[in-house]
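The following note sets out points for a colleague examining this entry. Please read them beside the sequence and the coordinates.

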Amino acid sequence: MQEIDLVGINEAGVATAAKYVHDQMQRESYTPRTWRTHPLHLCPEEPFSWAHPSTRACLDWIFLISSLNFSFWSELEGQSGRYGVEWREGWGSERRVVHTGYWSLVAAVDRALEEGIPITDPTFYASESRCPDSLVEHVFRRAPQSVESIPLLRERIAILRENGAILCERFGGSFYGFVEAFRARYAGRGTALQLVKMVTDTFPSFRDEVSYNGRRVYLWKRAQILVAETWAGFYPPSAEESHPLFPSGDAIHELTMFADYRVPQILHHLRILSYSPSLVKLLRSHTPLAPGSAEELSIRSASIVAVERVRQVILDLVSRAGSDETSVDCAGDYREDSVSSVLIDFYLWDLAKRAEGSANGVDGVDTVPMLPIHRTRSIWY
């Protein structure tokens, strides 16, 4: 980041925004369990059981979503013609809406399941005869008013085939089998980062890495979000219960934020990141940034550092406040072990999506005008 000198960390903005984020997360009781409240998410049954069918179904759902969770920015952002998917507002809702961005992926997968298409089953999507390309195109069909189709459809199909084949050949045809292999490898003592490394070792499409000036830079956005969503989806309802995937401790603090195009936008808006005039000009003109370019790598790497700084400031705030606020049950309130870059990223992404539809962006904290996202077409994020 320092070598490139296009993006900086504004320590005054970090301090102000960290306090705002901490206060808001407490006020909203924003915990790992918040993941289960998103209406489109497919959640496992509780109490947890490895034998319950919903465990395998949820794991396969999260794996498919994370495999395809990239490049949903639109040339028509803010316009009705952008790519969208029409489906229910959420599971159990009769109201139909058009979902855009990342939520278009989730809605398309949920809609397919409702239609009886087993799109989350690796044995199905690995097979070109059972799941031909034309069926995948049907799954991701656009809403009537959309003039765009889903970006990078061919790349998504290739990833489906490759990941499905790996799961079928080595893990019994399910991400459940992969998790079982992880548990066996580490004798039930594996951590979140060890699971991330096993994912990147196994699946080439999760290896979000780039060489810069002769050095290898590991960003691993989708690998980390795969593990983070699995961690959140199966997060226990009580502090007395251990996490089923990480019974000896998840060490979730070892993961970073997920370097995409949406969270950097809100980090700059909150004055955490500062951009050079030349970079601001590129963003305002919607100039595409090539994958691995100095500009793109600077934004992504600075975002990782920035969220780590926010995390450290929040930890300091928690420490100064004393032990009272860190001893509350994780089902609804704040605990110190929830101060992770993962949870901060989850919150910032949700905040960015809410700010998207607001003329003034985020209220209640010092901000600068919202810049456009950086535009990089890539399978990595």
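1. Ser29 is partly exposed, because its relative accessible area of 28% falls between the limits of 20% for buried and 50% for exposed. Ser29 lies in the loop between α1 and α2. Its backbone deserves a check in this predicted model: phi of Ser29 is near 50°, a positive value in a residue that is not glycine.

2. The loop between α1 (11-27) and α2 (53-67) also contains Pro47. The peptide bond that joins Glu46 and Pro47 is cis, with omega at about 0°.

3. A positive phi in a residue other than glycine occurs also at His286, where the value is about 60°. His286 is found in the loop between α11 (277-284) and α12. With a relative accessibility of 37%, His286 counts as partly exposed.

4. Gly188 belongs to the loop between α7 (175-185) and α8 (192-202), and at 21% relative accessibility it counts as partly exposed. The cut-off matters here, since buried means under 20%. Leaving aside residues up to four places away in sequence, Gly188 touches Arg183, Pro247 and Ser248. The C-alpha atoms of Gly188 and Gly249 are 9.7 Å apart, although 61 residues separate the two along the chain.

5. Strand β2 (residues 84-88) is largely enclosed by the rest of the structure, because four of its five residues are buried. The strand runs antiparallel to β3 (residues 96-100), and five bridges join the two. One of the bridge pairs can be named: Gly84 has Thr100 as its partner in β3.

6. In soluble globular proteins, nonpolar side chains tend to be buried together. Here the largest nonpolar core has 122 residues, and those that touch the most other members are Ile119, Phe140, Phe178, Ile266, Leu270, Tyr275 and Leu348. Helix α12 (residues 294-321) gives the most to this core, contributing 12 residues.

7. Which residues does Leu270 touch, not counting those up to four places away in sequence? The contacts of Leu270 are Gly13, Ala17, Leu348, Leu351, Val362, Val365, Asp366 and Thr367. Among them, Leu348 is also listed with Leu270 as one of the core residues that touch the most other members.

8. The model holds two cavities of 30 Å³ or more. The largest encloses about 370 Å³ of space. Its lining is made up of 26 residues, and those nearest the centre are Asn69, Tyr102, Ile225, Glu229 and Trp349. The elements that give two or more residues to this lining are α3 (102-114), α9 (221-233) and α13 (341-356); α13 gives the most, with five.

9. What is the division of the lining of the largest cavity into nonpolar, polar and charged residues? There are 13 nonpolar, five polar and eight charged residues. The lining of the second largest cavity, by contrast, has eight nonpolar and three polar residues and no charged ones.

10. The second largest cavity has a volume of about 60 Å³. Tyr261, Pro264, Gln265, His268, Tyr275, Leu283, Ile299, Leu371, Pro372, Ile373 and His374 line it. Helix α10 (residues 262-269) supplies the largest share of this lining, three residues. Tyr275 therefore appears twice in this note, in the lining of the second largest cavity and among the core residues that touch the most other members of the largest nonpolar core, a set of buried residues.

Methods. Residues numbered from 1 in each chain as written. Predicted model: local features only at pLDDT ≥ 70, side-chain atom pairs only at ≥ 80, totals over all residues. Heavy atoms only, no water. 1 Å grid on protein atoms, 1.4 Å probe; cavity = no way out; pocket = protein on both sides within 12 Å on 5 of 7 lines; lining within 4 Å. Points joined across faces, edges and corners; volume = space filled by probe spheres on them. Nonpolar A, V, L, I, M, F, W, Y, C, P; charged D, E, K, R; others polar. Buried < 20%, exposed > 50% of the residue type's maximum accessible area, 1.4 Å probe, protein only. Contact = heavy atoms within 4.5 Å. Core = buried A, V, L, I, M, F, W, Y, C linked by side-chain atoms within 4.5 Å. Pairing = 2+ DSSP bridges.
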